[in-house]
Amino acid sequence: MKDLLKVLQTWEAVIGLEVHTELTTLNTKMFCSCPVEFGAEPNTLICPVCLGLPGALPVPNKAAIESIILAGIATNCDIEQQTMFYRKNYFYPDISSNFQITQGPVAFCMRGWLDLNITEPAASEREYREGTTELPASYASSGYTTRINITRIHMEEDAGKLVHIGGTDGRITGADYSLVDYNRCSTPLIELVTEPDLRTPEEARLFLQSLRQIWLTLGISDCSMEEGSLRCDGNVSLRKRGAKELGTKTELKNMNSFKNLHDGLAYEICRQADVLESGGRVVQETRHWEPASKHTVSMRLKETADDYRYFPEPNLAPYDLSDEFVAEVRSRLPELPDEQRARFMEVYALSFIDASALASDRDVASFFDEGMAFAAAQAQELAKPFTNLLLNDVLASLNTSGHVLAETKLTPAHLVELAQLIAKDTLSSKQGKEVFAHMLKTGEAPAQIVEKEGMQQVSDTAALEQIALEILKEFPDKAAEYRSGKTGLLGFFVGKAMAATKGQGNPKLINETFIRLLDGE
Amino acid sequence: MSYSNLSIAAIRAGLATRQFSAEELVQDALNTINIRDKVIHAFIELCPELAYRAAEKLDAALSAGEAPPLLAGATIGYKDNMNLEGTHTTCASKMLENYKSPFTATCVTKTLEAGALPLGKLNMDEFAFGSSTETSYFGCTHNPWDLERVPGGSSGGSAAAVAAGMVTVALGSDTGGSIRQPASFCGVVGFKPTYGVISRYGVVGFGSSLDQAGVFGRSVANVAETIDAMSGKDPLDCMSQDAHAVYSSSVGAGVKGMRIGIVRSYVDADGISPEIHNALEDAISKLESLGAVITEVELPNAKAALSAYHVIGPCEAFSNLSRFDGIRYGYLSPNARNLDELYEQSRAQGFGAEARRRIMLGSYLLSSGIYEQYYLPAQKVRTLITQDYHQVFEQVDALLTPTTARTAFKFGEIADPVSMYLSDIFTIPINIAGNGGMSLPVGLGEESGLPVSVQVIGPQFKDENIFRVAAALEACYPDIARIAPDTSGTQQASQAGGSAQDSQVGGSGQSSPQGESAQASPEGGAA
């Protein structure tokens, strides 16, 4: 099979996503007061309503409606104040009433968009950039911006979970029997559908990542792809570059990580290209991504569309949301990742890469903001060293320990102090790392550590010159060699000086001193 | 001594003055049921333990000096689509033959909290699909006035139980006339409030946008007090609302100055029986003589109600009944080899013919391409009909119409489903519009000897108007019998009577100790 970049030179991939998000941060389910929880004993979080028992009636969760309105506002959607719930009828054991309460033609949120900034190397997947804009020079990275339109976001309830016993890998094929766990049944779910505006697997991945960051910022879900609270299906078809007509699409499922989303789509694009280039035709079907063997397999043919017999849910009155209600929800909108990144670039003159990295994690971003608040008047000056500490040392330590920021003993105030000590040359960067290691371990303030460990950097020029002169006196032949052109010996002298200061000499100053003493006369 | 002819108010007073205990009321009612239900077959299930437990609790409270609550000591039966923990909820279907609900319907709970004594669950058409109670999986219920005739339906068991004096009141549900039509056939008061007055939580849904629970009683006052106990916003049914009315206080308020509308084309409709036509004319003149202003009004779109109903009803029913698949509860076919067979066989074997017919109809009507041709136009028609009623109720305070075109028919007399559907032509438009309506008995037909009734309809959430008109009319007919005579000893039951001719006949059936048929006044002091 050809590789993706090659395929994309001949073919244009047309990709749309359907993203399901469980509103896991809500206390209760969509239409009853059962708790929303992951990992409880099977069939313990159930009641007559979510079990669909005869006579039980749904009562909508107001907080869920608020969440979807917030999600719509954050993704630039029009909020439809007059909308209603529909029933989607189909028989399957995981849906207790054999219909799912969802929405019809008019969802709470319609016609939104997100702008994606794709930087190299990810940008290289899209060699042909019709309809995109080059990134501004200020972004310090080449790439492009493209707008992805959102068709709609609608509210619905999740289904339960089937557990297949006796087969391989928990799959239904070959299983002896299946059990149903209704704990998840009627968990509030929002489904976002994009227009087929994505052109590369990287764009798809970035879209989903951006969306996840937005949802996390809004606090509407824990967005765990592993636990299934964020799920993404992809629709993909190919057409020859320049062609207008859409090709036959396949629907791709089981892409339960960002990497799987990218790799699944990439595989499917290449597979379709293979089929088309060998004279075949793509069959409209649902395919399952198998991450272990890195290929997609057909789940079922979709020759005819399923008839879900949609009709308005007669147990729930249509909505007519008031302007006040929508305005109240709008007033709760926090600063979104894109706005945050722009602010970091503008206020602190950070690079696009640094600002994006900070804004990509809610905890990191608020740690940064708290740090800048402590830095106060020095914020402009300390932003860059503080960001370096945060994005390099702090994140590296988190990667190693597997902790999240809140679980460490670090505080924004202490990290600002450390950045300050380094910026003022009180500590060398090497000493800085040692102090940082102490901070992680003890949670003590940098100044306290420096004092206790006697780690002040020696930046006293006179003292350093005295030491340098003594060393030159000790090694006159080396000094002569240096002067005759063997300038590589500078490192030798600096090393001696560092040893003499027990590692606390300011290396920059020592360097300068030796150069001055050796070259000067 | 029998208490079966006592009004709720009289029972309350009797309990308060310790003339009898709640326990005695239960004993008496079970005794009456034991005698009469052998041939009528109104009950699917009796719950004497629950009844005695409720009586014990009530007696204890009264002994402790508490005042009797609103429905204290009223014996009550529930249509078998209403959940009552501790009993089955079968919906008269094989599908739910063994189903016990883990929770109790709000309307049932409210009657129990008000001191009613639960006697059991009442027969009905399967899943409320029918107008005769002939589609019940558990056999027919017989009309207490003529055992060869149907009690009407779908709440036939509820109507018959009240007409036979086996309970003080009974609850039913009404999707297209399922309270008012059987009330009319059995000669009792049957009331369906405005959609939303009574919570539907725990009442098994048929057509969710049409279903409304209501009450059967032998007097307007009994019905009013029961509704007072049950009505109000329920957080578990978001379509329910507070009507902010005390219906029993409207009983006896009179009709002087009230504007009452009649639809001439209804009163003079082709196919309306002369008995019913005459009863309506008589009721009109009586109301006029009481000071009401009679106004002729038009409901131009009402004729389309039947068509809209037979689209919307099956669509909602199809979806509501999807949950019955045998997987979690209910009938499970033993022979299925895979999931599709499990669905197909369990549902084919668990549902009766009429249920299958409506499910298939709804399934067809909602399929893509068809939905646009039927469901959407039906909803538009519904809007027009609702507007008709809104306009009419700008001109009048209540409407007086027939409940049914004719009196109770015989078993098997209407075999064609479409003719059966037509028997609800005067009741269905009210469900389509969402208003309240009451069937009120005005006597026995001179020729047929069967109960003849009229229907009073009110503006939405102004059901107190209905009570005013109905109570005034009721007072005009003081001599009508409230309890059908016990014929269990003299007349052979055509179907359910097999075991009825045993010792019971000599024991008490013959003597008919209560002599209800001779009872000469509407029940109780409240009327």
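**Chain A, contacts.** I started with how chain A is wired: of its contacts between residues at least 6 apart in sequence, 70% join residues at least 24 apart. Note to self before going on: this is a predicted model.

**Chain A, burial and secondary structure.** Next I looked up burial, and 40% of the 521 residues of chain A count as buried. I then went through the secondary structure of chain A and got 16 helices and 17 strands.

**Chain A, overall dimensions.** How does the radius of gyration of chain A sit against that of a compact globule of 521 residues? The globule would come in near 24 Å, but I have 30 Å for chain A. I also took the box along the principal axes, and the C-alpha atoms of chain A fill roughly 95 × 55 × 50 Å.

**Chain A, domains.** I pulled up the domain assignment for chain A, which gives domain 1 as 4-323, domain 2 as 337-453 and domain 3 as 461-520. For the pair formed by domain 1 of chain A and domain 2 of chain A, I have the C-alpha centres 36 Å apart. Their contact takes seven residues from domain 1 of chain A and six residues from domain 2 of chain A. Which classes make up the domain 1 side of that contact in chain A? I find four nonpolar and three polar residues there, and no charged ones.

**Chain A against chain B.** On to the contact of the two chains, which takes 33 residues from chain B and 23 residues from chain A. I wanted to know which helices of chain B supply at least two residues each to the side that touches chain A, and they are α10 (305-320) and α13 (371-395). Of these, α10(B) gives the most to that side of chain B, with three residues. By class, I have the side of chain B that touches chain A down as 16 nonpolar, eleven polar and six charged residues.

**Confidence.** Last, I checked how far the predictor trusts itself. The complex gets an ipTM of 0.91 and a pTM of 0.88. For chain B the mean pLDDT is 92, and 92% of its residues reach 70 or more. Where in chain B does pLDDT stay under 50? I find that stretch at residues 490-527 of chain B, for which the model still has 84 contacts beyond four places in sequence. I'm marking residues 490-527 of chain B in my copy for their pLDDT under 50.

Terms used. Residues are numbered from 1 along each chain as its sequence is written. Chains are lettered from A and ligands numbered from 1 in the order in which they are written. This is a predicted model: local features need pLDDT of at least 70, side-chain atom pairs count only at pLDDT 80 or more; totals for chains, interfaces and linings use all residues. pLDDT is the predictor's confidence in each residue, from 0 to 100. Domain bounds come from an automatic or database domain assignment. Ala, Val, Leu, Ile, Met, Phe, Trp, Tyr, Cys and Pro count as nonpolar, Asp, Glu, Lys and Arg as charged, and the others, Gly among them, as polar. Helices (H or I, at least four residues) and strands (E, at least two) are DSSP runs, numbered from the N terminus. The radius of gyration is taken over C-alpha atoms; the globule rule is 2.2 Å times the number of residues to the power 0.38. A residue is buried if 20 or more other C-beta atoms lie within 10 Å of its own, exposed if 12 or fewer, and partly exposed in between; C-beta atoms are placed from the backbone.
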